[in-house]
2 protein chains.
Amino acid sequence: MAGSPFQTRREKLRVELDRVGLQGALVTDPNHFFYLTGFLPNRHFASFLVMNRERAVAVVPQLGADTTKVAPGSDLFDALPYANLAMADLNRHVDEFAERDRALLEGVSRLGLKGKPLGVDAHHFWRALGALLNLAGEKLIDVGQFLLAQRAIKDAWEQEQLAYTVRLNDVGFAATQATLHPDVTDLQAFGAAWLAMANKLCGIFDLHGEFSGGPEISGQGGRAPFGRVMQEGDILIADIYPVVNGYQADTTRSFVIGQPAAWQSELHLILEEAMARGEAAIRPGLPAAELDRIVRGQVNASAPRGASMFHHCGHGVGVAVGKGAHYPPFIVPHSKDTLAEGMVLTLEPGLYIAGKGGMRLEDNYVVTKDGCRPLGTFPKKLAVCV
Amino acid sequence: MAGSPFQTRREKLRVELDRVGLQGALVTDPNHFFYLTGFLPNRHFASFLVMNRERAVAVVPQLGADTTKVAPGSDLFDALPYANLAMADLNRHVDEFAERDRALLEGVSRLGLKGKPLGVDAHHFWRALGALLNLAGEKLIDVGQFLLAQRAIKDAWEQEQLAYTVRLNDVGFAATQATLHPDVTDLQAFGAAWLAMANKLCGIFDLHGEFSGGPEISGQGGRAPFGRVMQEGDILIADIYPVVNGYQADTTRSFVIGQPAAWQSELHLILEEAMARGEAAIRPGLPAAELDRIVRGQVNASAPRGASMFHHCGHGVGVAVGKGAHYPPFIVPHSKDTLAEGMVLTLEPGLYIAGKGGMRLEDNYVVTKDGCRPLGTFPKKLAVCV
């Protein structure tokens with residue numbers, strides 16, 4: 001099993017621990033935890049990863065028979081499930097927080113890390129844990145920034161997770177196009193997209209996004225669906241960002257109800273051209289600000305009077321089981337980021353005319369050795385719903 | 001505006017601060033933040049509440065024009081929005097974390113709390129914040145346990161939020177009953193429930209739950225939907241727990257496809273009787289373990305051979321925008337909790353026969369001065385889908 005992506009990622013963290021002279025780490029951020037273990041953390045109960053130079057232990061809530069079967073690596077990955085009141089023990093009193101803390105101390109002790117300085121994610125590691133471990137401030141060294149930087153570059157496994165989620169969005173777009181007609185509401189179309197995606201996934205998932213339309217709403221960039229009845233000539237901006245198996249994709253198509261007016265077709269062609277230029281430019285070493293200049297420049301140069309693009313040109317995507325969903329590289333005019341092989345980013349040119357209507361086009365790209373690989377397959381055209 | 005529920009809650013926290021000799025607090029937990037402000041925190045960007053004896057400031061991500069309009073109280077509730085890369089500033093470089101930290105320091109300074117000891121939620125307040133504020137450990141005093149205890153008792157506003165969400169579940173149950181037939185999948189019925197609820201809500205929301213069936217699955221207590229094709233005679237357990245406007249309700253109905261067999265009707269009658277006895281017993285001062293004994297005792301006394309109930313009898317519900325969704329009182333045999341006026345709890349008797357099928361009945365109740373108020377209106381019967 002050497003070479004499981006999770007083990008490889010833990011090994012990279014070990015190299016960093018070695019570099020800063022630490023024997024172990026305690027990871028608490030759900031995003032980092034998932035990244036390093038492949039085990040989706042429960043939203044309501046804390047999960048921890050304890051690591052030393054050789055081994056790793058996950059401290060996780062006991063929520064079913066499978067909880068302890070989380071051993072995807074070969075570094076003796078182990079799990080310590082703690083009792084809680086979701087899966088109640090009927091034979092004794094359970095103090096959930098006390099059980100959790102006990103399991104964590106046991107994990108730290110099992111790996112010989114008791115009292116030793118630890119690498120922690122200082123942006124998430126909470127105050128009471130320092131007291132629990134009886135570790136003074138100077139024994140808690142931040143490795144969260146290292147992990148954030150590591151996570152900006154996606155390995156092959158992560159690229160495939162994101163590609164899968166983008167393809168799921170494409171299924172949603174197809175269902176949206178099949179559903180949208182005059183008198184259909186944004187919520188109905190959103191529900192149809194969700195169901196088509198859930199059928200493909202064989203399971204439920206959280207879907208969020210802008211997914212509404214009409215002159216006012218699309219002219220402002222879109223908004224979450226709320227029951228608006230779509231009418232002939234409306235544009236609906238469907239910018240959806242589901243979290244599937246821990247990864248958040250983020251793609252957008254624009255739909256017109258009925259045959260598009262000339263101005264609508266022309267507006268979308270500008271986005272397609274800007275997208276194509278950005279796609280052609282993506283390569284390792286390209287400053288994100290330069291990519292923004294290429295895409296935004298093309299949009300601005302072709303925009304008709306009254307039409308503008310007021311938002312970022314894109315951003316990195318990745319793990320989204322905790323806080324944070326927008327990652328480097330940030331594709332904005334004053335970005336200090338630089339594209340690197342393995343980054344996965346969105347490009348999202350848009351044009352909006354206040355009170356009249358607007359549209360956006362967005363897809364996700366993997367930065368490859370000498371260019372990029374687009375992940376979306378749904379046509380990058382104005383989707384006509386007749 | 002004196003008497004806004006948020007202000008009243010902040011005043012209670014101030015009394016506690018006074019009691020422990022603190023001049024201010026910094027709240028970071030999204031659940032506490034929402035509870036004290038009424039402002040739904042974004043999932044991906046941190047929100048903070050800074051309070052002194054007279055005023056409160058919310059430090060929140062700038063995500064739209066409305067961000068600063070969060071003033072539901074009269075204690076000079078104020079907002080400091082921080083720039084971030086979701087709403088990119090196109091005219092300058094934005095370091096999101098630096099902007100956030102700066103806004104937080106400004107809020108602390110504005111309330112005259114710089115360098116002063118603070119009440120914090122030690123189970124969430126993260127390590128890097130202590131360094132940012134330059135506050136040594138002994139200047140950070142936990143008020144998280146106080147807030148958790150305060151939140152266990154729901155005021156009238158919260159009771160109404162929960163009641164609304166329970167009624168939304170009832171709409172979902174009606175749609176489920178209308179949709180379920182042989183050859184319909186669990187995902188289709190779940191999607192229909194979601195859409196009916198979204199139409200009522202006029203918006204999207206996250207819906208999770210057990211929502212599947214058949215002899216194996218319902219016999220084990222249910223599971224999340226995955227595409228199972230329902231068949232004549234199947235039982236589907238629909239245990240749904242949406243988070244709507246920050247509050248999580250948690251109710252269950254069981255559905256039978258076609259006319260119920262005699263054993264199915266009999267099994268459900270046991271649950272109805274157990275539920276009725278629990279409902280009749282709920283009152284302030286009742287030990288949760290005693291409530292468990294009443295409900296579970298009735299289930300066990302009537303259970304046919306091979307049928308068992310292996311889970312808790314219920315738990316408190318409430319705010320669920322961060323970690324944690326099951327709250328006191330925990331209705332389990334060895335619970336140390338006691339019911340109090342204003343608690344909102346679930347009762348959820350169930351009976352399961354391995355390999356044959358099972359069912360569960362669950363609703364939410366407000367503990368009133370001398371009894372309880374049931375929140376659900378969908379019939380507490382086995383729902384027949386013909």
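Trainee: Which residue of β11(A) stands opposite D239(A)?

Mentor: T252(A) does. We're in a predicted model here, where local features need pLDDT of at least 70, side-chain atom pairs count only at pLDDT 80 or more, and totals for chains, interfaces and linings use all residues. Residues are numbered from 1 along each chain as its sequence is written, while chains are lettered from A and ligands numbered from 1 in the order in which they are written.

Trainee: What makes β8(A) and β11 (residues 251-257) of chain A a pair?

Mentor: Strands, by the way, are DSSP E runs of at least two residues, and helices are H or I runs of at least four, numbered from the N terminus. Two strands pair if DSSP finds at least two bridges between them. Here six bridges join β8(A) to β11(A), which run antiparallel, so the pairing criterion is met. Strand β7 (residues 209-213) of chain A is also joined to β8(A), by five bridges and antiparallel. In that pairing, I240(A) of β8(A) is the bridge partner of G209(A).

Trainee: Why is β8(A) called largely enclosed?

Mentor: A residue is buried if 20 or more other C-beta atoms lie within 10 Å of its own, exposed if 12 or fewer, and partly exposed in between, with C-beta atoms placed from the backbone. Six of the six residues of β8 (residues 235-240) of chain A are buried, so the rest of the structure largely encloses the strand. Both faces are covered: I235(A), I237(A) and D239(A) are buried on one side, and L236(A), A238(A) and I240(A) on the other.

Trainee: Now N245(A): buried, exposed or partly exposed?

Mentor: Partly exposed, with 17 other C-beta atoms within 10 Å. That count sits in between the two cut-offs, so the label follows. N245(B) has 16 such atoms within 10 Å and is partly exposed too.

Trainee: What's unusual about phi there?

Mentor: Most residues other than glycine have a negative phi, and most peptide bonds are trans. N245(A) has a positive phi near 50°, and lies in the loop between β9 (243-244) and β10 (247-248) of chain A. As for peptide bonds, the one joining P328(A) and P329(A) is cis, with omega about 5°. P329(A) belongs to strand β15 (residues 327-331) of chain A.

Trainee: How do you know which relation links chain B and chain A?

Mentor: Copies are superposed by least squares on the C-alpha atoms of residues with pLDDT of at least 70 in both. A rotation of 180° with 0.0 Å of shift along its axis puts chain B on chain A, with RMSD 0.0 Å. That is the relation of a two-fold axis. In chain B, the C-alpha nearest the axis is that of W126(B), 2.1 Å from it.

Trainee: What tells you through which surface the copies meet?

Mentor: Contact requires C-beta atoms, placed from the backbone, within 7 Å. By that rule, 47 residues of chain B are in contact with 47 residues of chain A. On the chain B side, α7(B) supplies the largest share, eight residues. And 100% of the interface residues of chain B are also interface residues in chain A, so the copies meet through the same surface.

Trainee: Where are the bounds of the domains of chain A?

Mentor: Domain 1 covers 5-151 and domain 2 covers 156-385, with bounds from an automatic or database domain assignment. Their centres, taken over C-alpha atoms, are separated by 36 Å. Nine residues from domain 1 and seven from domain 2 of chain A make up the contact.

Conventions: Two residues are in contact if their C-beta atoms, placed from the backbone, lie within 7 Å.
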